[in-house]
Amino acid sequence: MRRCVVVLSVLLLASACGGDDDAGDLFGLDEVSTTDSASAAADEPAPDPEPSAEGVDRSDELIGTWNVTFYALPDGGGRTNVIDGQAPVQLTFFDDGTIAYHTGCNAGGTTYSTAGLYVVPESALDDTPEGQAIDFLQGQQEEQGCEGFLGEQDRDLPANLRQAERFRLDGDRLILSAEFFLLEAERA
C-alpha cells in the first residue's frame, strides 16, 4: 500500500510540474487510455456511406448500347420476351440526345431528353417511383414489312419508347416505364 501511495504522489507531482506526458515519460510509460475500445470506436467518425444515386443526374449512364430483353405488350397485355429477328433488338443512346434502335425487324431513331435528378424512394412504403424523367420524341423508322410476332414487336417497341416517362438503372439493367413497366434492357 505504501508503494502505491508513493507512486501516486510522484505521478501527481510530475503531473503538476509538467503535465501527464512527463509523468508517463518518467516511468517509461506511453500515454494510457482510460476509455474502453467500444467507447473509443463510438467516438471515431463513422465511415462515409456508399455514394447514393439519389439526387444526381444519371443521364450520362444511359450512353451506350442496350440489348432489349423484355417489353410490355399494348393495352396491359403483360410483359414478353423479345423475338430475335434480322438483328439484335437494341437501343443505343448517344451523348448528343439521339437514340438509335433496332426492333429485330426495322431500325429507327429519335431524340430523347432527361430532366430532374434521380429519385430513390425513402422506404418500401414510399410510392414515389424510382428513377429520372425521360422523354422521347416520335422518330423515324424504316418501313419493312415484318410478319407475325416480329411485326408486332416492330410496332410495340417504338410505341413503348414514346410512352416512357422515367428511366431506372439497376447495375447493368435499364428499365423504362410510365405508370407501368414498358421495357427492360441489359448493357451490351
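For sorting cavity linings, Ala, Val, Leu, Ile, Met, Phe, Trp, Tyr, Cys and Pro count as nonpolar, Asp, Glu, Lys and Arg as charged, and the others, Gly among them, as polar. With that in hand, the lining of the largest cavity in this predicted model splits into seven nonpolar residues, three polar ones and no charged ones.

That cavity has a volume of about 50 Å³, and the structure holds two cavities of 30 Å³ or more. Its walls are built from Val68, Val89, Gln90, Leu91, Tyr101, His102, Thr103, Leu157, Leu161 and Leu183. Strand 3, strand 4 (98–102) and helix 4 (148–163) are the elements that give two or more residues to this lining.

The second largest cavity comes in at about 40 Å³. Around it sit Tyr101, Thr110, Leu137, Gln138, Gly139, Pro158, Leu161 and Arg162. Here the split is four nonpolar, three polar and one charged; Arg162 is one of the lining residues, and Arg is on the charged list. Helix 4 gives the most to this lining, with three residues. Tyr101 and Leu161 turn up in the lining of the largest cavity and again in that of the second largest.

Then there are the pockets. The second largest pocket holds about 160 Å³ of space. Its lining runs to 14 residues, and those that lie nearest its centre are Ala72, Leu73, Pro74, Asn160 and Phe180. Helix 4 shows up once more, with the largest share of the lining at four residues; helix 4 and strand 10 (181–187) each supply at least two. By type, the pocket lining divides into seven nonpolar, four polar and three charged residues.

On to the aromatic side chains. A search of the whole structure turns up four aromatic pairs. One of them is Phe93 with Phe136, a tilted pair at 6.3 Å centre to centre and 55° between the planes. This pair ties together distant parts of the chain: Phe93 belongs to strand 3 (residues 90–93) and Phe136 to strand 6 (residues 131–136), 43 residues apart. Phe93 has a relative accessible area of 1%, so it counts as buried, the cut-off being under 20%. Phe136 is at 4% relative accessibility and therefore falls in the buried class too. Tyr112 joins Phe93 and Phe136 in one aromatic cluster.

Two arginines also make contact with rings. The charged end of Arg58 sits over the ring of Tyr118, 4.5 Å from the ring centre. Arg79 does likewise with Phe181, its charged end lying over the ring at 4.9 Å from the centre.

As for the strands, strand 5 (residues 107–119) has several partners. Strand 4 runs antiparallel to strand 5, joined by five bridges, with Thr98 standing opposite Thr111. These two strands form a hairpin with four residues between them, and Gly104 in the turn has a positive phi of about 95°. Strand 6 pairs with strand 5 in the antiparallel sense, again over five bridges, and Ala115 has Ala133 of strand 6 as its bridge partner. Strand 7 (residues 140–141) is antiparallel to strand 5 as well, over two bridges; there, Gly108 is partnered by Gln141.

Strand 9 (residues 173–177) tells a similar story, with a partner before and after it in the numbering. Strand 8 (residues 166–170) runs antiparallel to strand 9 through five bridges, and Arg166 stands opposite Ser177. The hairpin between strand 8 and strand 9 has two residues between the strands, with Gly171 in the turn at a positive phi of about 65°. Strand 10 is likewise antiparallel to strand 9, over five bridges. In this pairing Arg173 has Glu186 of strand 10 as its bridge partner, and the hairpin passes through three residues. Four of the five residues of strand 9 are buried, so this strand is largely enclosed by the rest of the structure.

Notes. Residues are numbered from 1 along each chain as its sequence is written. This is a predicted model: local features need pLDDT of at least 70, side-chain atom pairs count only at pLDDT 80 or more; totals for chains, interfaces and linings use all residues. Side-chain values use heavy atoms; hydrogens and water are left out. Rings of Phe, Tyr and Trp (its six-membered ring) pair if their centres lie within 6.5 Å; planes under 30 degrees apart count as stacked, over 60 as edge-to-face and the rest as tilted. Buried means under 20% relative accessible area, exposed over 50%, partly exposed in between (1.4 Å probe, protein chains only). A charge sits over a ring if NZ of Lys or CZ of Arg is within 6 Å of the ring centre and within 35 degrees of the ring normal. On a 1 Å grid over the protein atoms alone, a cavity is a set of points where a 1.4 Å probe fits but cannot get out, and a pocket is an open set with protein on both sides within 12 Å along at least five of seven lines; lining residues have an atom within 4 Å of a point. Grid points are joined across faces, edges and corners, and a volume is the space filled by probe spheres set on the points. Two strands pair if DSSP finds at least two bridges between them.
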